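Please open the model in a viewer and follow the selections below in order. Each stop names what to select and then what is found there.

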Amino acid sequence: MADLTSEFVGIKSPNPFWLASAPPTDKEYNVRRAFDAGWGGVVWKTLGLDPHIVNVNGPRYGAVWGADRRLLGLNNIELITDRPLQTNLDEIKVVKRDYPDRAMIVSLMVPCEEEPWKFILPLVEDTGADGVELNFGCPHGMSERGMGSAVGQVPEYIEMVTRWVKANTRMPVIVKLTPNITDIRKPAEAALKGGADAVSLINTINSITSVDLDLFAPEPTIDGKGAHGGYCGPAVKPIALNMVAEIARTPELSKLPISGIGGITTWRDAAEFMALGAGNVQVCTAAMTYGFKIVQEMMSGLSEYMDSKGLTSVDQIVGRAVPNVTDWQHLNLNYVAKAKINQELCISCGRCFAACEDTSHQAIAMSDDRTFTVIDEECVACNLCVNVCPVEECITMEAMTPGTVDPRTGKVVEAEYANWTTHPNNPAAKAAE
Amino acid sequence: MSSDAFTPGIVPGRMAAEAYAEHFSDLHPRLDDHEALVAADRCYFCHDAPCITACPTDIDIPLFIRQIATGTPDAAAKTILSQNIMGGMCARVCPTEQLCEEACVREMAEGKPVLIGQLQRYATDHLQEQGLHPFERAAPTGKSAAVVGAGPAGLSCAHRLAMLGHEVVVYDARPKAGGLNEYGIATYKTVDGYAQAEVDWLLKIGGISMEYGKALGVDVTLQSLRETHDAVFLGIGLGGVNALGAEGADKDGVLDAVDFIADLRQAQDLAQVPVGRDVVVIGGGMTAVDAAVQAKLLGALNVTLVYRRGRDRMNASVFEQDLAARKGVRIVTHAVPKAVIGNGAVREIEFDYVDDAMQPTGQTLRLAADQVFRAIGQTLVGDGLPELDGRKIKITGAGRTSVAGVWAGGDCAAGGDDLTVTAVAEGRDAAMDIHATLTA
């Protein structure tokens, strides 16, 4: 069993799996159950000023399902805590007292003025919490009131508020970012300038999950109307991974710790976020779908993976894939691959053929007896056949050996790396030096 | 006096009243909505799908399954029924494990094909239970066609002809339509009067009039039909039963399996259907299995199905063989009936064991039997029929016979498997050819 202990901005936890600020961390009862199940930490659901907000009394969630109603995406229109501030503070205090080894972060959202922050921060400090997370991400409801993503979408506000918070607390400050922007590096940079100890991302994505075609209303529907919600769950993971990587591979931001969030459902998802630079991860939808017990699989899976790689600390995973994230212009254009179909594994469904013939490069041949073979003269190695094939490992992309001739282009595959910046078709190409 | 499994002879009421409903309930209960979605999701939507090729009626299976998966089962039903107007019955009785589901790539990959038959039933039931008939007749052509035989071939032909604008008269010797769907298929495959419900639904197309109790050669002649109609389609099935070539085969208690199956289907009360204590069924096809399984379900103590060759040569599918075994039918192979023994009524039946070349091995088998069912094939009967090819009506192309203006399809026509789905395809294709001929 690998050592999973984690330290993120000085906050220790027995594993890198935290529950994100959300309904699962809304109150003492849930958080005790989470800690008993093994979660390394929680970000307590966002506190605000009294009078506490109210939620809708109709459906708060909408969903996108895959086969057999597997939940692939969830959106919500729930707001921050709808309980009195003192109730939350009291509960945070007793839970932290009873679970001193677990990370207790408190998510906060108050109006964009310094006074409310000055008011609430000492109250949180008094609970013994380990840190605060500034909710600059919530994209619905609160943003209409100038909070949440309304702050997160304006880098100047992020910097200003972060600075206020840092000036008024000794606790580590994590700034939670909204993905509802065009360039995630700008808000991250603002957080860094304001003195943030870390950023966490992504918060949820503006979304309408579906439309009721009888009511002609978006889901979830409240008395015939719907408002956009925040999208999360497995469907958002690719978006989140990219945003985490964008921050991690930007030199000016590379020292900024990241708490990775966005569709993390398994140990593997967590490891991928960490490999792209996340120091730890936060989970919500997976717990809301399957319950707190999933953390046991996350712990055993990450441990087994680390053991198999000879890793002794979770920090050894963090950022390892970052050097391999690059720009398109730096990809090696001399790398040539061809699809290869394993006839032993092929079940002759013909999906690769339909995809290639109808929508790609006409690079797969079909015989009368339904044998499918790649036409190397046409194959550009686009990978679509691999992606649509229902059988894992049946179609693979095989790199061509340098020195051999690519039958598609008639050119010898070069061993040397060469990218677009030096390509003759690039009007802006510079001669290789 | 009440009977039970041990009562000798051929008697009704061997079981408690409630056992009948349980034993003869739906073999495959219909998929519910969620089951259908899960089953539909397994379809890979193959390119030029092998299941379509394997279907005698060429139903676009991936398309209808995708229509189910996307919440439009009525559209799925229309996809099915436009190729196979009896898609509802075929969903119940097709040996899918030898047709579409055998060809399914998931059968190859995992040994678990997509449940094509059950999905087809889900869709067709969904449409038909609403009373919806999605086809309309074309403008009248002024032509009239006679269809002889209201079985799958005849009804399929009649529907297609009516849809194309022709007037159709269907003649059938029996008092009800449906043919083998009504009289020749095990009760548990088509429960709740589905065969008649399907006929009623099919006739909603309009333009088809039904003449029951009209047997060819008795009440109507081919000559008279040719004179009164522009085209004639023969879908008369196989009315005769092959004789048992064994000594003493005329003893009481030696019966035709097809009659037993028909009586079961027409019975108002299954507890009134008599069955032997020791039942022997001779044959290896679907009829043999349907008779054997139902004899067991009626409470017979011992049911043995005896076939002259190996199990691999049986016409009954592996699924049917396994069903029989699961229901408690003993299957004996490589045995040929030699003598039926008994004083007036059958008491025992003796078989010669034979090798793969059908040569007696010198060993024999005797089985106690108070009821013996012949299920060794049926034959075409009738005089004045078009030219035969062997024992069936010779056809060329889409069911054309040697007589001008007369087409044939289904079991009475040479070529093709004797399956409901094949009959439907032949009836449909003949109708298209008749239409082309009449409108040329």
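Select Val191(B) first, in what is a predicted model. Val191(B) counts as partly exposed because 14 C-beta neighbours lie inside 10 Å, whereas 20 or more would be needed for a buried residue and 12 or fewer for an exposed one. Its setting is the loop of chain B that runs between α11 (180-183) and α12 (194-203). Display these two helices together with the loop to place the residue.

Which residues does Val191(B) touch once its neighbours within four places in sequence are left aside? Select Ser25(B) and Asp26(B): Val191(B) is in contact with both. Next, add Ala295(B) and draw a distance between C-alpha atoms; Ala295(B) is 104 residues from Val191(B) along the chain, and the separation is 17 Å.

Now select residues 145-427 of chain B, the range to which an unreviewed UniProt entry assigns the annotation "domain: FAD/NAD(P)-binding". Colouring by secondary structure shows 25% helix and 26% strand over residues 145-427 of chain B. The C-alpha atoms at the two ends of this range are 13 Å apart.

Move to residues 22-131 of chain B, where the UniProt record (unreviewed entry) places the feature "domain: Dihydroprymidine dehydrogenase". Here the chain is 60% helix and 0% strand, and 28 Å lies between the end C-alpha atoms.

Widen the selection to the whole of chain B. Its secondary structure amounts to 17 helices and 17 strands. The radius of gyration of chain B is 22 Å, close to the 22 Å given by the globule rule for 440 residues, so chain B is as compact as a globular protein of that length. Aligned to its principal axes, the C-alpha trace of chain B spans about 65 × 55 × 50 Å. Of the 440 residues in chain B, 49% are buried. Among contacts in chain B with a separation of 6 or more, 70% join residues 24 or more positions apart.

Turn next to the boundary between the chains. Select the 12 residues of chain A that are in contact with 10 residues of chain B. On the chain A side, the residues that touch chain B comprise seven nonpolar, two polar and three charged.

For the last stop, colour chain A by domain: domain 1 covers 6-324 and domain 2 covers 328-422. How far apart are the centres of these two domains of chain A, taken over C-alpha atoms? The centres of domain 1 and domain 2 of chain A are separated by 40 Å.

Technical notes. Residues are numbered from 1 along each chain as its sequence is written. Chains are lettered from A and ligands numbered from 1 in the order in which they are written. This is a predicted model: local features need pLDDT of at least 70, side-chain atom pairs count only at pLDDT 80 or more; totals for chains, interfaces and linings use all residues. Helices (H or I, at least four residues) and strands (E, at least two) are DSSP runs, numbered from the N terminus. Two residues are in contact if their C-beta atoms, placed from the backbone, lie within 7 Å. UniProt positions are given in the numbering used here, feature names are shortened, and annotations may be inferred rather than shown by experiment. Domain bounds come from an automatic or database domain assignment. Ala, Val, Leu, Ile, Met, Phe, Trp, Tyr, Cys and Pro count as nonpolar, Asp, Glu, Lys and Arg as charged, and the others, Gly among them, as polar. The radius of gyration is taken over C-alpha atoms; the globule rule is 2.2 Å times the number of residues to the power 0.38.
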